[in-house]
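Student: Let's go through this model by asking what backs each label. Can we have it on screen?
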Amino acid sequence: MTLHPMIAALRKHKAGVVLIALQIALTLAIVCNAVFIIYARVQNVQRPTGLDESNLFMITQQWVGAPNGDDPASIQKLDAMMNEDISALRSMPDVESVTPINSLPLFPSSWNGAMSLKPGAELRAGNARTTYYFGDENLMKTLGLHLIAGRNFTAADVTNKGFRDPSEANLVIITKPLADKLFPNSDAVGKVVYLDGSSTPSTVIGEVERLQVPSVSSWASSFVWNSTIEPVRLNSNFSRYAVRTKPGRLDDVMRAVPSKLYAVNPMRVLDDDSVKSFKDIRAEAYRADIGMAVLMGVICLILLAVTAAGIVGLTSFWVGQRHRQIGVRRALGARKIDILHYFQLENLMIAGGGAVVGVALAVGLNRLLMSKFEMESMPAYYVLVGLAVVVTLGQIAVFVPARRASNVPPVVATRAA
Amino acid sequence: MLGYYFDLAIRSLKRSPGLTALMILIVGFGVAASMTSYSVFRAVSGDPIPWKSSRLFVPQIDMWGPKGRLDATNNNDPPDAMDYLDATALMRDHRGKYQSAMYRVSPSIVPPDAHMHPINVGGHAVYSEFFAMLDVPFKYGSAWAADSDAQRAAVVVINAKLNQKLFGGNNSVGKTLDIDGKDYRIVGVLDNWTPKPVYYDVVNTGGFTADQEDVFLPFTRAIDVDMQNDGNTNCSEIPKGSGFVGLQQSSCVWISYMVELDDKAAVSSYKNYLDGYFNDQKASGRFNWPLNNRLRDLPAWLESEHVVPSDTKISLVVALGLLIACLVNTAGLLLAKFLRRSSEIGVRRALGAPRMAIYTQFLVEAGTVGLTGGVLGLLLTWIGIHGISWVLPKEIASLARVDLNLLALTLAVAIIATMLAGLYPTFRASRVQPALQLKTN
């Protein structure tokens, strides 16, 4: 079949052709970018935190009328209160492990700084940015972290300090990505580092495989695996505890926590948000990402459906319009399959033309989103897959009207219009 | 005549129900998707205090210098909050009409009802002028007097929700409230004041937050009793001293600041004052870098802090793209539909109908499709807004809502957009040559 008569026919209704092609171009541009956004969000949500997330929950509580934690006596008082809580929690049945902690991955509270290889460096210009987790010797076990080098903290390593005490711990455990950044050519364990521009050294005693920083915002994306663990109980008028329960006992333990802690000391705040499973922490952290992915998915579905429906509608119209011509072709010896192929090929040409424009539009939209909203650059295969998808969509959509066209009987040619 | 055209449009649309339904669906979905996204965008980008936002300013002082700049993306902007030293110095100099330094607090409250456990509340430590500056509405009582700031008085203003919870909504002015173990006298109850974004302190709240603003107490008092700040603390160097006092002596920033300046003269004289303040500090040896202050009005400030989540903007862009795609589609279908009636047009033209009449007739038809699509769009937008609340972050989900403006806008967008889509098909229809059509038939 030569293309010449087809092109001649298309030129007869330029406007319709241009509109379908434009529609396909827009669809391609929007769907590619939307799917790219979905992919980025899903990837974000699926990355493991490094924790064993099941059977884990966190308690945030605040003491009423507690000392301010600015002088040594009140710090010791706060530390005693914290230890009372911890031993009460540890004594609960079905509790496997408890650690005081300042935050958890995906929890919206974080303590960030920088680590340097030299003393007294500018805080913001250290060798690597990092987030800090403060806990005791049970932190590794409670969070389910994998120690891959060196050793864990012992009870004797653990100290306590006021929340706003700027002094740094002597010992730290860091994550592998942070270790690799600081010491690309050697083992980090046993090395000395300086935290936050401090002039006192801290020694790296262990390395964990993976531990995500708390923040999931874009500002933390440059150091998302750079975590440092310090063997310190932070004393303030509030405290947090991470608790691991025996498998399957999470809900029961969580329900029992408030009365247990009120029994230790009733002058404290424990509200609806105070006892939170890690599952809920995760859900809240990624709610925006999942919401965005759902929204983009819905928009893609609507758009693809609208485009397909539009192709069906317009092709149906053309089939109706060319009813007589089809009859003439059939009468002159064209087979049904020739008529079917004619419309399929016609659609392929229009969709192909539209898709070429669409590729340019898709890249343009991606550039626009990149320049305005911190989007990543979209890989080329998205556009190519998108191109295949819209062309296939066009073929599927055109099939029904094209088949109807192929069923036009040759006898139509002999009838008056 | 319009009534007649409307009648014609209905007849014509009834003649091809499939195509008509398709166009209505396409317009409905396109409008609903864009309106749903727009409703979220509108909710988060609106001016929180439109009658006054151009007179509220946020001063920024470069107390860190170039070494405090973490990356190059923030246009060399100075820190977006203040340290204690500069915030209190600006308060002392008192050069604006109204001004307030403020920081977020999250104290505990022991309810007067002894059966209730202590609760945690959110709020701000502010100066007395805060309330007049932001036109904060009071249900009972009023702000504390200016001399309470100086006296570090134990007074508090509470919000309506907390008043409901603790005092059943009754006038609690004059009653005592236990905050962090100390007694405060309630001087005012707000009339459910919950501006979104929390524009007076976006630095410590992120603008949109699910946290409540329950209590407002004197800044000076909060400092006096060591009430710790609950927002962000950013440092360019580690504080030398320990504790809350160490923080107050450091260059760490954690305090928000807002000032009301009523006219251009006031703005320029405040700018001069800020520059003079910086230069004095520089002369005294505290800074050794060039002047780099900012004084943004509230809209510019919210923009520079990226208060509108970028997800919301991306959704809006993508949804508008969807709307355009739907309109292109509708234009194609309308074109097909109109040109199919070339012979009808030919007859009308031959009988003396001017082009204008053809124009009107087909635009009325396009508008009818738009109106019907718009009604469907209303329903789908309503579903969309309720559906989207399920997937948005909590603090934003509650803000997107359906109101009369949105409904009117949905209809208007549907009708206008469909008529725009119908322009070219109508133009083509009006160009139909009557002679040609009559001949071929």
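Tutor: Here it is, and keep in mind that the model is predicted. Start with chain B: an unreviewed UniProt entry lists residues 317-434 as "domain: ABC3 transporter permease C-terminal".

Student: What is the helix and strand content over residues 317-434 of chain B?

Tutor: That stretch is 86% helix and 0% strand. Its end C-alpha atoms lie 43 Å apart.

Student: Now chain A. How many helices and strands are there in chain A?

Tutor: Chain A has eleven helices and 13 strands.

Student: What makes chain A more spread out than a compact globule?

Tutor: Set the radius of gyration against the globule rule. The rule gives 22 Å for 417 residues; chain A has 32 Å, well over that, so chain A is more spread out than a compact globule. Its C-alpha trace spans about 105 × 50 × 35 Å along the principal axes.

Student: How do you know that the length of helix α11 of chain A agrees with its 27 residues?

Tutor: Allow 1.5 Å a residue. Residues 380-406 should then span 39 Å, and the end C-alpha atoms are 38 Å apart, which agrees.

Student: Where does the kink in α11(A) lie?

Tutor: At Phe399(A), shortly before the proline Pro401(A); the kink is about 40°.

Student: Why is Pro401(A) called buried?

Tutor: The label needs 20 or more other C-beta atoms within 10 Å of a residue's own. Pro401(A) is listed as buried, so it meets that cut-off. Other buried residues of α11(A) include Val383(A), Leu387(A) and Ala402(A).

Student: Which helices do the buried residues of α11(A) pack against?

Tutor: α2, α8, α9 and α10 of chain A.

Key:
Residues numbered from 1 in each chain as written. Chains lettered and ligands numbered in written order. Predicted model: local features only at pLDDT ≥ 70, side-chain atom pairs only at ≥ 80, totals over all residues. Helix = DSSP H or I, 4+ residues; strand = E, 2+ residues; numbered from the N terminus. Expected span 1.5 Å × (residues − 1). Bend = angle between axes of the 7 residues up to and from the residue. Buried ≥ 20, exposed ≤ 12 C-beta atoms within 10 Å, placed from the backbone. Contact = placed C-beta atoms within 7 Å. Rg over C-alpha atoms; globule rule 2.2 N^0.38 Å. UniProt positions renumbered as here; feature names shortened; annotations may be inferred.
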